[in-house]
Structures are given as structure tokens and as C-alpha cells.
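Here's a quick walk through a few spots in this model. Have the sequence and the 3D view open as you read.

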Amino acid sequence: MAPLSVDLDDHWAYLRTRGDRNWESAPSYLQLAVPRLLTLLERHGIRCTFFLVGKDAAMDRNRELFARIAASGHEIANHSFEHEPWLHLYRPGDLADDLRRSHDTIAAATSSAPVGFRGPGYSLAPTLVPLLHRMGYLYDASVCPNLLAPVARNLYLRGVHLTPEQMAQRRQLGGSFLNGFGSIRPYFWRFAENARLLEIPVTTFPGLKIPFHPSYIGALGATSLALARTYFSAAVLACRATGVRPSLVIHPPDILGADDDSGIGFLSGMSLSAVRKMELLEFQLRTLSRYYTPVALRNYARELRDTALPVRTHP
Ligand SMILES: [Zn+2]
């Protein structure tokens, strides 16, 4: 069993993170990316978790698409309403409002109430875990122990002009530096006497804490497809050798290519064609499925919730 998820970030969300005012017109590639992704997952017999953004769930243009994701048997989870990767800077009341609004909108659009959450940009707010617990959530998946996060952040924001305030908001984009040293295995956050919540971190290379989910494999593939495939295989084998069940995350740009004209050429790995990107993603799903059964995070969480896992104190 290996938990697999999709963070369904739309074009506007990436523009917003880069401080590009064009985000306000809400450009989208979901109508192109989602059917492609559903077909691919279906072909591999995979049912996983889709972390949806509340603002997208509220849009009429996505109604049919989001209903189709749920009807395909995938878990529906919460990825915040506004998709601002500085959730850790929200006031507690504003965070609660965003999550509740997102929860209600996603549940209405898909007829499926989320029990899992992932913060945009792997942001982890101090009041997040108690809040999810109060909302009856089963797990959080906002942590990505990634020692390359500062490098990835600089690449993502290259050529972008931001005010000092905007820079401060994005200082933890991709996860805080401290998170880089956290565990890649599941654990419980303890935040009060007898109150705990399961954390399922995104898995990075055991021992090295370098990511190997498809966005990074695509970025590496733009330099060398052979190197990208070798690195991914090595990471999966390292998980096998160390008894780690990898939790990987797919993003829509992982199946979009230079020839799709989707407006996200600023992302790493977008010099590859759509066919190459899909072949690379297929390779990863095939390799993962050779050693593990990819499942939704909810299924994984249900298996883990009554087991003895390490306990960490929530900051
Ligand atoms: Zn996201």
C-alpha cells in the first residue's frame, strides 16, 4: 500500500503564488488536464486522493469535472479555499473560515465530505491541526520534508518582482526549513491531552530528503529522461529497502507539455512535450505499482489510525 494524491492546483493558483495580477481573471487548464489524468489513473486501475481547491469547486465551469472525479471513485480532500501558500500567517479565525468554506464548497460540488487536508505550498499553520481535529478530519498531509525547498522556491520565483511584504508571505513556500528535517514516515501530532491527529508527510528520498514526486522527476527529465527514470527507480528501491511506504503527489503540470500552450512555461520541466510528460508519469506509476498498491490517503489513514506510531508535539 502506498498513498497517492493529486494536488489539483489550477493555472490561476500558480500565477497568484508568483504575484502575477493576471490570476484575478482565473485562467484555467483543468478542462484539459483532469480528463487526461483520470484516463491515466483508470488505465492503471488506481483510485487515489484529489486535493481540491474551494475556489475552483465554487465555479460553474468545474461542476461537471469535479463530479466526474468523485464518480471515478477517487477520494475528495480539502486543499484550502484561496490556495494562498502563506496559511501559516493567517489569523486563527481567518484560517478556520477558509477551511470551513472550502470544506462546504467541495462537499457540495462533489457530494463527498473531505476528511483530509493539505496546505497549499506545504504551509503548516500553528492552529491547523487542532482545527482539523475539531472539524472531524482523519488526517493532515501538509508536511513535505524537503531539504531542497529553498532551491525550489528560488527557481519558482525567478524573474518575479515582489514587494517585501509579498516576499515575506512566500518565505516558507514549499515548506519551512525546519520541516526539511522532519520524518518522512507517518506520525501523530499531539496538541492537547489525549488529542492527536495523523500526519502523512509527502515522502522524499530516504536519508537524503530530496523529493522524487512527479514535478521533480519532470524537471529532471527536461535535462535527461534516462536520468529522471533512474533517479525515480532508485528512490522507490530506497523506500523498499528502508520499509517506507512512499506518499507521492501529482500536479496537473505533470501531464501538460510545452505544446499544450497552457501558460505555465515558467515551471521547471515545461520544455518537454505533453507526450513525453505522460510517458514519464506512466513510467512512475508503473514502477510504483510494481512494489506497492497505490491507494487514497483516507484508506491509508484508516489502516494507520489505531497503530502505534511516533508522536510529535504540534508547534
Ligand atoms: Zn497546491
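## Where helix 2 meets helix 4

In this predicted model, L30, Q31, V34 and L38 are the helix 2 residues that meet helix 4, and on the other side of the contact sit L65, R68 and I69. Sort those by class and you get five nonpolar residues, one polar and one charged.

How are the two helices set against each other, by angle and by axes? Helix 2 covers residues 30–43 and helix 4 covers residues 63–71; they pack at an angle of about 15°, and their axes are 11 Å apart. Angles under 35 degrees count as roughly parallel, so helix 2 runs roughly parallel to helix 4. As for handedness, helix 2 goes past helix 4 in a left-handed crossing.

## R36, also in helix 2

R36 is another residue to click on in helix 2. Is R36 buried or exposed? Neither, quite: R36 has 17 other C-beta atoms within 10 Å, so R36 is partly exposed. Being buried would take 20 or more, and being exposed 12 or fewer.

If you want a long-range check, try R36 against A226. The pair is 190 residues apart in sequence, and C-alpha to C-alpha they are 24 Å apart in space.

## One face of helix 12

Now jump to helix 12, residues 297–304, where L297, Y300 and A301 are buried. Why do the buried residues of helix 12 line one face? Looking down the axis of helix 12, you'd see them fall within an arc of 100°, so they line one face of the helix. There's a general pattern here too: an α-helix has 3.6 residues a turn, so residues three or four places apart point the same way.

Key. Residues are numbered from 1 along each chain as its sequence is written. This is a predicted model: local features need pLDDT of at least 70, side-chain atom pairs count only at pLDDT 80 or more; totals for chains, interfaces and linings use all residues. Axes are lines fitted to C-alpha atoms, for helices over the stretch in contact, and angles run from 0 to 180 degrees between N-to-C directions. Helices (H or I, at least four residues) and strands (E, at least two) are DSSP runs, numbered from the N terminus. Angles under 35 degrees count as roughly parallel, over 145 as roughly antiparallel, 65 to 115 as roughly perpendicular and the rest as oblique. A crossing is left-handed if the near helix is turned anticlockwise from the far one by less than a right angle, and right-handed if clockwise. Two residues are in contact if their C-beta atoms, placed from the backbone, lie within 7 Å. Ala, Val, Leu, Ile, Met, Phe, Trp, Tyr, Cys and Pro count as nonpolar, Asp, Glu, Lys and Arg as charged, and the others, Gly among them, as polar. The arc is that of the directions from the helix axis to the C-beta atoms.
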